[in-house]
Every structure is written in C-alpha cells, then in structure tokens.
Amino acid sequence: MPDPQDEKRLGRGYGAGYAIVGAGFGLVFSILFFAWMGYLADKALKTAPLFLLIGLAVGMGAGFYAFWRRISAESKSKP
C-alpha cells in the first residue's frame, strides 16, 4: 500500500510546477499588456514608438519583479 506522505509530496511537486508556469504566463501577459497600452497611447498621441518602448520597459520590469517574487516564495515553501 502506498505511503500517504509520498502522495502528498508528489501532489505538492505538481502544485509547485503549476505555480512556476503561472508565474511565466504572468510575466508574458504583463509585457504584452503594457506594450499594448503603449501602442494605444502612441496611436492616440501620434508619438511613433515612444510609449510602446516605455510600455515594454515597464511591462518587463513589473513582470520580472512579480515573477521573481513568485519563484522566490515557491522555492522557500519547499521542504
């Protein structure tokens, strides 16, 4: 009969994997969202790529910060 503790560890491993995948999606969506907002601002204000580039930089910064916090928290919670 399988040990219930082994099953708990296995399930926790899958949860950690999903959390990391979710953090990756959050990073990508953050970059895309801010880039899109920058594109819309450029279109409205007719300022070629200025706000698009600012949006990319903000999206990468915010997305990477959230990604790093999520990964750090996930790695600390492992036994």
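Visitor: Why is phenylalanine 33 called partly exposed?

Guide: Happy to explain! In this predicted model, phenylalanine 33 has a relative accessible area of 43%. Buried means under 20% and exposed means over 50%, so phenylalanine 33, at 43%, falls in between and is partly exposed.

Visitor: What makes phenylalanine 34 partly exposed?

Guide: The reasoning runs along similar lines. Phenylalanine 34 has 29% relative accessibility; because that value is neither under 20% nor over 50%, phenylalanine 34 counts as partly exposed.

Visitor: How many aromatic pairs does the structure hold?

Guide: There are 4 aromatic pairs. One of them joins phenylalanine 33 and phenylalanine 34. Ring pairs also link Phe64, Phe67 and Trp68 into a cluster.

Visitor: Why is the pair of phenylalanine 33 and phenylalanine 34 called edge-to-face?

Guide: A pair of aromatic rings is described by the distance of the centres and the angle of the planes. Here the centres are 5.4 Å apart, and rings pair if their centres lie within 6.5 Å. The planes stand at 75 degrees; planes over 60 degrees apart count as edge-to-face, so the name fits.

Visitor: How do you know whether serine 30 is buried or exposed?

Guide: Serine 30 has 14% relative accessibility. The cut-off for buried is under 20%, therefore serine 30 counts as buried.

Visitor: Where does serine 30 lie, and which residues is it in contact with beyond its neighbours within four places in sequence?

Guide: Serine 30 lies in helix α1, which covers residues 4-45. Leaving those sequence neighbours aside, serine 30 touches Gly59, Ala62 and Gly63. As for the chain, its secondary structure comes to 2 helices and 0 strands.

Terms used. Residues are numbered from 1 along each chain as its sequence is written. This is a predicted model: local features need pLDDT of at least 70, side-chain atom pairs count only at pLDDT 80 or more; totals for chains, interfaces and linings use all residues. Side-chain values use heavy atoms; hydrogens and water are left out. Helices (H or I, at least four residues) and strands (E, at least two) are DSSP runs, numbered from the N terminus. Buried means under 20% relative accessible area, exposed over 50%, partly exposed in between (1.4 Å probe, protein chains only). Contact means heavy atoms within 4.5 Å. Rings of Phe, Tyr and Trp (its six-membered ring) pair if their centres lie within 6.5 Å; planes under 30 degrees apart count as stacked, over 60 as edge-to-face and the rest as tilted.
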